[in-house]
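Grab a pencil and work through these short exercises with the model in view. Each one has a task, then a solution in steps.

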Amino acid sequence: MKFPSHLFLDKKQVLICGLILIYSIISVFSYFSLSEFSYFNILPNNDYLKNWDSYWYHTIAKGGYEYRESQMSNLAFFPLFPYIWKWLALTSIEMSILNGVIFGLSISVLLKDEQINGFVLLMMITSPTWIFFVLPYSEALFFLFGTILLIGLGNRNRFLEVVGLFGASLVKSSAIVLIPAILIVQWLLDKNEKDKSLWKANVWTMLNLVTCIAAVLLVVLIQYLQTGKLFYYIEVQKYWGRGWIIPGIPFTTNSPERVLGIDAVAFTLGTIALYYSLTWIWLKAFNTGREFLDKTGHVSKPMYFSTFYVTGILLLDVFFTYNVDGSANIWSINRHLLCTPFFVLFFWGLFKKERYSTGEIIVIALLIIVGYFLTGVYQYLDLSLYYLGFFSTAALIKFFPSYRFFAIAFLIFSCYLQLALYRDFLLYKWVG
């Protein structure tokens, strides 16, 4: 089977990898320099890197799945990442470096055909939550398979679609969001019921669904053979604080004084994705054919898919969680939403869009304001600076490109928060 040229690095992809490498070197130098002056008083090692989820992944890599009655256990995690960790027999530091390489190559392939603005790329690279791409977490591997899926969707390469869906569904349980995204996107693009290719498209849609389900059943089988528990990865979620709720407001998160600003940015971006998702569904339901396409600006299939995935993560993390003193805990939404190739395409799509109607601008502005108060981020000065700085910088780059160099101040601030979040992770503090 012929693979698309996306899978091979060209000059632009090398430049993207180079930019990420240069930024990584600067970040490492900055972190160690701050440590030398005792500002950051901890350095990474194999023990400090096995905090939070990486600890649970490591237990799977070392001893397989383990059932613990009425308490948290590693059955909440899917096996592909820890199994790769086990098969490669890498240390935590080596696994972190490999994750960084996987991520760098993946995003360079993902953005090959995009004339992406350098400032937009830096806004994403300096995102504090992107530290998870250089930790022993599954984010980099999920990003890889998500990229393969999006390339398959964009090039009508069914083999890559299946590989991406199967791999992603073996990496994360949250990949369940892929299933409704598949169905909704196919419904949106089935514009002409008399189209001779419609039957074939529906067959491939069913194959994609079967692929996701087969991957999940494989996970269930692996866990059952090791623990005797069937579909226990669902039940164990309640011991991790996950369950269907009516969310209370304002929202909160774990250690809000540290990460609420980042979670709030992810939440607001999710609401913007929800706005476009509902708009497209409305247009599809009440319009047909070219009118639907014209009103949505000829959005690509990967962009559709990415938007619905981001929307799905928003709904999952808002409604599948627990309330803290009457407030819904949207913990981990920054990692679940921002550390994905679907966010990258959606976020870049907002910049790539040539024209915004007055109504769109008003709605997005209102969502940013509502998100600021709905998440309670206004209670923390430094986190408010990040939240407001993020969206102000995005608006500056998009609508006032002549003044984009003023964005450098925010990028430096964001980079500092990224280093601080990395330090906090090593200190076993919650970062998302």
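One term before we start: buried means under 20% relative accessible area, exposed means over 50%, and partly exposed is in between (1.4 Å probe, protein chains only). The model is predicted, so local features need pLDDT of at least 70, side-chain atom pairs count only at pLDDT 80 or more, and totals for chains, interfaces and linings use all residues. Residues are numbered from 1 along each chain as its sequence is written, and side-chain values use heavy atoms, with hydrogens and water left out.

**Exercise 1. Overall build**

Task: Work out whether the radius of gyration of the protein chain agrees or disagrees with that of a compact globule.

Solution:
- Step 1. The radius of gyration is taken over C-alpha atoms, and the globule rule is 2.2 Å times the number of residues to the power 0.38.
- Step 2. For 432 residues the rule gives a value near 22 Å; the protein chain has 21 Å, so the two agree.
- Step 3. Look at the box too: along the principal axes, the C-alpha atoms fill roughly 65 × 60 × 50 Å.
- Step 4. Buried residues make up 55% of the 432.
- Step 5. Now count the elements: 18 helices and four strands. These are DSSP runs numbered from the N terminus (helices H or I, at least four residues; strands E, at least two).

**Exercise 2. The nonpolar core**

Task: Find which residues touch the most other members of the largest nonpolar core.

Solution:
- Step 1. A nonpolar core is a set of buried Ala, Val, Leu, Ile, Met, Phe, Trp, Tyr and Cys residues joined through side-chain atoms within 4.5 Å.
- Step 2. The largest one has 139 residues, and Trp 130, Leu 178 and Phe 305 touch the most other members.
- Step 3. Helix H11 (residues 256-286) supplies the largest share of this core, 12 residues.
- Step 4. Zoom in on Leu 178. Leaving out residues up to four places away in sequence, its contacts (heavy atoms within 4.5 Å) include Leu 149, Cys 212, Phe 305 and Phe 342.
- Step 5. The general idea: in soluble globular proteins, nonpolar side chains tend to be buried together.

**Exercise 3. Nonpolar residues at the surface**

Task: Say which helix gives the most to the nonpolar patch, and decide if Tyr 224 is buried, exposed or partly exposed.

Solution:
- Step 1. Patches are made of residues with over 30% relative accessible area and no salt bridge; like charges are joined within 9 Å, nonpolar side chains (Val, Leu, Ile, Met, Phe, Trp, Tyr) within 5 Å.
- Step 2. This patch covers about 930 Å², and its residues include Phe 166, Leu 221, Tyr 224 and Phe 231. Accessible areas come from the Shrake-Rupley method with a 1.4 Å probe, and for residues only the protein chains shown count as cover.
- Step 3. Helix H9 (residues 198-227) gives the most, with six residues.
- Step 4. Tyr 224 sits in helix H9. Its relative accessible area is 40%, so Tyr 224 is partly exposed.

**Exercise 4. A charged pair**

Task: Find which helices hold Asp 424 and Arg 258.

Solution:
- Step 1. A salt bridge is a side-chain nitrogen of Lys or Arg within 4 Å of a carboxyl oxygen of Asp or Glu. The whole structure has 12.
- Step 2. Asp 424 and Arg 258 form one of them, at 3.2 Å from N to O.
- Step 3. Asp 424 lies in helix H18 and Arg 258 in helix H11, so the pair ties together parts 166 residues apart in sequence.
- Step 4. Both residues are buried.
- Step 5. For contrast, try Glu 360 and Lys 353, whose closest N and O atoms are 3.5 Å apart: Glu 360 is buried at 10% relative accessibility, whereas Lys 353 is partly exposed at 24%.
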